[in-house]
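Colleague: I'm still new to reading structures. Put the model up, please, and let's talk it through.

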Protein chains: 2
Amino acid sequence: MKKVKLRWREKEIEGLLIAKKGEYLEIKLKSGYNIMLNENEVEILKEEEFKRSYARGGEGKGEVRIIGCGGTIGSKVDYETGGVSPQISASELVAQYPEIKDIAGVETRMLFSILSENMRQEHWEKIVDEVAKAFEEEKRVVLLHGTDTMHYTASALAFAFRGMPSPVVLTGSQRSSDRPSSDARLNLLNAIYTSKQEFGEVAIVMHSSINDNEGVVLRGVRARKMHSTRRDAFKPINESPLAFVDFKKGIEWLSKPSKPVSDWKVENGFSRKVAMVYIYPGIEEGVFDYYKSYDGIVLLGTGMGHTPTDIIEKINEMKGIVVMSTQTIYGRINLNVYSTGRLLKKAGVIGHELDITPEAAFVKLSWILYRTKERQEVKRLFYTNMANEFSMRSVI
Amino acid sequence: MKKVKLRWREKEIEGLLIAKKGEYLEIKLKSGYNIMLNENEVEILKEEEFKRSYARGGEGKGEVRIIGCGGTIGSKVDYETGGVSPQISASELVAQYPEIKDIAGVETRMLFSILSENMRQEHWEKIVDEVAKAFEEEKRVVLLHGTDTMHYTASALAFAFRGMPSPVVLTGSQRSSDRPSSDARLNLLNAIYTSKQEFGEVAIVMHSSINDNEGVVLRGVRARKMHSTRRDAFKPINESPLAFVDFKKGIEWLSKPSKPVSDWKVENGFSRKVAMVYIYPGIEEGVFDYYKSYDGIVLLGTGMGHTPTDIIEKINEMKGIVVMSTQTIYGRINLNVYSTGRLLKKAGVIGHELDITPEAAFVKLSWILYRTKERQEVKRLFYTNMANEFSMRSVI
């Protein structure tokens with residue numbers, strides 16, 4: 001991507017050259033809108049290439065490290081196919097939003113550039129290493145990440161760190177950043193602002209509503225993408241948001257996040273042999289055969305955590321650890337109320353009384369099973385509140 | 001369960017004898033609260049057994065048939081184990097709530113008595129037959145059903161009928177009906193009231209909020225249990241509620257339900273060979289091997305309907321029909337925006353542009369695949385809006 005100054009029909013225009021499509025140049029204006037200009041009508045006056053990494057902002061102090069992991073916030077429209085694919089580097093993004101300079105000195109690093117539906121344990125581990133490195137260098141961290149699985153990665157970070165010296169803030173966008181309606185700008189600016197606050201947790205910062213005016217700070221391990229397209233897709237599950245944030249006005253805390261600590265530790269590594277299985281009417285026990293060699297599975301049961309009675313025996317035979325979560329998404333597991341729950345509990349299913357999301361349960365189980373497969377120890381760790389991933393009292 | 005009149009410490013008490021626990025009798029009072037009385041202090045004055053079926057209410061006209069299918073609304077606490085299991089017959093329930101007489105003449109029929117996590121295609125088919133029979137006999141229908149899978153059964157009914165002569169209203173409760181805090185009473189009364197309205201759709205009537213004062217009428221095929229324990233657990237997905245209902249004050253319609261029709265038809269039958277598969281980071285393609293012999297599967301993809309790129313080839317090889325839905329629950333599938341979606345669409349995955357819930361998609365696919373396995377016809381039927389299960393314009 002290039003920064004350009006050009007003359008078109010007697011006018012001087014400055015902006016970013018986003019793409020060439022046939023004989024048309026697409027230019028992103030400072031207003032955030034894109035225009036298409038016929039190449040033959042344009043005279044380029046000035047052209048400037050961006051540096052690919054470590055574009056420093058602010059007063060030259062790169063106190064916030066922006067780590068690009070791909071996703072829509074780092075994507076642009078492919079004008080050949082009409083689809084969106086990840087291409088813009090983080091440094092280009094920063095150059096695109098000069099307001100960053102008023103918030104923080106930043107530096108950028110492109111870790112990888114993939115759509116978040118392709119993120120998996122190996123990527124979580126690379127991200128954890130990269131964040132640990134940033135912590136060692138006393139940097140604050142903003143992660144640009146695709147929204148599809150942002151809450152999974154946020155959970156991975158939450159479980160991999162025992163204490164944090166400063167926040168890790170994940171942000172992304174629901175519309176690619178070269179579209180006029182993109183939410184990337186506000187999310188990025190609010191995320192950088194939030195990363196400068198004094199707390200020690202993994203947060204997700206996205207739009208608080210469909211209005212383009214305020215961000216919401218969610219505890220990463222308790223957040224979930226709850227809408228496929230809306231800008232305010234991320235919601236806190238079973239708790240309130242941590243804060244609302246407006247980089248121009250400040251941050252308003254609704255609840256107290258964990259304090260930053262100087263004696264933080266990183267414990268990286270996630271088992272690949274963990275699955276999520278959705279329970280549905282008529283599910284056959286044969287479905288579970290594939291998972292025989294697995295370390296663990298998270299069931300998305302119905303209601304308080306149920307399955308059909310006729311598969312409980314099969315669940316009982318599973319060698320791996322079986323965790324119950326609920327497809328209602330909201331609410332708490334209770335395996336004591338109904339006969340089915342009691343049978344599942346007897347079969348060794350864990351998760352009773354927790355209100356952890358299915359996704360956080362999956363990541364937590366994957367983290368635990370990388371360390372131990374000893375049933376009692378897995379159970380003890382799963383019931384240990386490691387990153388505020390569950391609460392023992394429900395918020396209504 | 002018996003209706004009893006008894007003397008205890010000089011007082012006359014009327015109520016329902018719910019259980020004996022040791023030397024204590026548990027009596028449900030008209031107030032809805034339960035008391036425990038020592039058997040030795042009690043003199044039974046009058047005792048009356050309930051009839052097991054067709055307990056008529058109102059003016060002797062059984063214009064509303066209450067069909068019991070089990071679930072919490074027909075459950076009571078087992079004082080041996082502390083668990084809840086389905087035992088109370090529908091007629092007992094009606095006798096328990098004499099206010100019913102002011103709303104409608106009712107008759108009850110106990111179809112079966114199972115917890116809803118055990119409901120499957122064969123039960124849907126029996127319920128459909130039973131509802132068709134009630135329609136033939138010009139009855140209105142209220143179904144008592146467990147909440148865990150109420151939205152699956154509601155969808156089954158919605159797809160099995162081409163037009164309805166009157167509503168079918170499903171209701172249930174989140175707390176068993178012999179508990180003082182039970183929501184059964186309000187739900188049952190509001191459901192009966194709603195069944196008397198002039199419309200021809202499957203509705204779910206449950207609490208509209210955690211206050212015990214108003215019901216909400218949801219389109220069954222668009223509703224979903226969104227909390228494991230709250231009384232207002234059921235929410236409409238991607239549309240507004242149909243109405244709010246208070247059996248004492250009336251019904252307030254928010255949107256127009258389908259009109260009742262006299263030339264309704266029933267098309268019963270659901271394929272057993274349909275599954276739901278939840279997509280998660282690192283999901284392996286081997287997971288799909290079990291479903292080789294299946295007629296179809298519904299994926300719960302991420303975001304607008306994505307899976308990791310490396311399993312798309314496997315999906316492409318599936319003999320059965322693959323439908324995409326989203327684990328965000330809310331929002332629309334769009335397989336045109338990102339490269340992953342476009343690859344999935346190319347692999348023959350259907351569901352693009354629909355905002356149907358994963359559960360309704362599962363039931364619809366099961367209904368379609370019972371009738372045809374011809375790919376183009378399945379696709380045509382899936383994209384046909386049969387019961388308002390999707391909309392083409394999003395409600396924000």
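Modeller: Vocabulary first: two strands pair if DSSP finds at least two bridges between them. Helices (H or I, at least four residues) and strands (E, at least two) are DSSP runs, numbered from the N terminus. This is a predicted model, so local features need pLDDT of at least 70 and side-chain atom pairs count only at pLDDT 80 or more, while totals for chains, interfaces and linings use all residues. Residues are numbered from 1 along each chain as its sequence is written, and chains are lettered from A and ligands numbered from 1 in the order in which they are written.

Colleague: Okay, how many helices and strands does the secondary structure of chain A come to?

Modeller: Those are the DSSP runs I just described. For chain A, the count is nine helices and 22 strands.

Colleague: In which sense do strand 12 and strand 13 of chain A pair?

Modeller: Strand 12 covers residues 168-171 and strand 13 covers residues 202-207 of chain A, with three bridges between them. Across the pair, A:L170 sits opposite A:I204. The sense of the pairing is parallel.

Colleague: Which strands are the edge strands of the open sheet in chain A?

Modeller: The open sheet has eight strands in the order 9-6-10-12-13-14-17-18, with mixed pairing. An edge strand here pairs on one side only. In chain A, that picks out strand 9 (106-110) and strand 18 (250-253).

Colleague: At about what angle does helix 4 of chain A run to strand 13 of chain A?

Modeller: Axes are lines fitted to C-alpha atoms, for helices over the stretch in contact, and angles run from 0 to 180 degrees between N-to-C directions. Contact means that two residues have their C-beta atoms, placed from the backbone, within 7 Å. Helix 3 (residues 121-136) of chain A lies across strand 6, strand 10 and strand 12, at about 150° to strand 10. Helix 4 (residues 150-160) of chain A lies across strand 12 and strand 13, and its angle to strand 13 is about 155°.

Colleague: Which residues of strand 17 in chain A are buried?

Modeller: A residue is buried if 20 or more other C-beta atoms (placed from the backbone) lie within 10 Å of its own, exposed if 12 or fewer, and partly exposed in between. Strand 17 (residues 243-246) has alternating side chains: A:F244 and A:D246 point to one face and are not buried. A:F244 stands opposite A:E252 in strand 18, and a hairpin of three residues joins strand 17 to strand 18 of chain A. Pointing to the other face, the buried ones are A:A243 and A:V245.

Colleague: How do the two chains relate: by what turn can chain B be laid on chain A?

Modeller: Copies are superposed by least squares on the C-alpha atoms of residues with pLDDT of at least 70 in both. For chain B on chain A, the RMSD is 0.1 Å and the shift along the axis is 0.0 Å, with a turn of 180°. That is the relation of a two-fold axis. So the turn you asked about is 180°.

Colleague: Which element supplies the largest share of the side of chain B that touches chain A?

Modeller: The contact takes 55 residues from chain B and 55 residues from chain A. Strand 8 (84-86), strand 20 (274-278) and helix 7 (339-346) of chain B each supply at least two residues of chain B's side. With four residues, the largest share comes from strand 20 of chain B.

Colleague: Why do the copies meet through the same surface?

Modeller: We compare the interface residues of the two copies. The surface is the same because the interface residues of chain B that are also interface residues in chain A come to 100%.

Colleague: How wide an arc do the buried residues of helix 7 of chain B cover?

Modeller: The buried residues are B:T340, B:G341 and B:L344. The arc is that of the directions from the helix axis to the C-beta atoms. These residues are on the same side of helix 7 of chain B because they cover an arc of only 95°.

Colleague: Last one: is A:N388 buried or partly exposed?

Modeller: A:N388 is in the segment after helix 9 (375-382) of chain A, and its phi is near 60°, a positive value in a residue other than glycine. Most residues other than glycine have a negative phi. With 18 other C-beta atoms within 10 Å, A:N388 is partly exposed.
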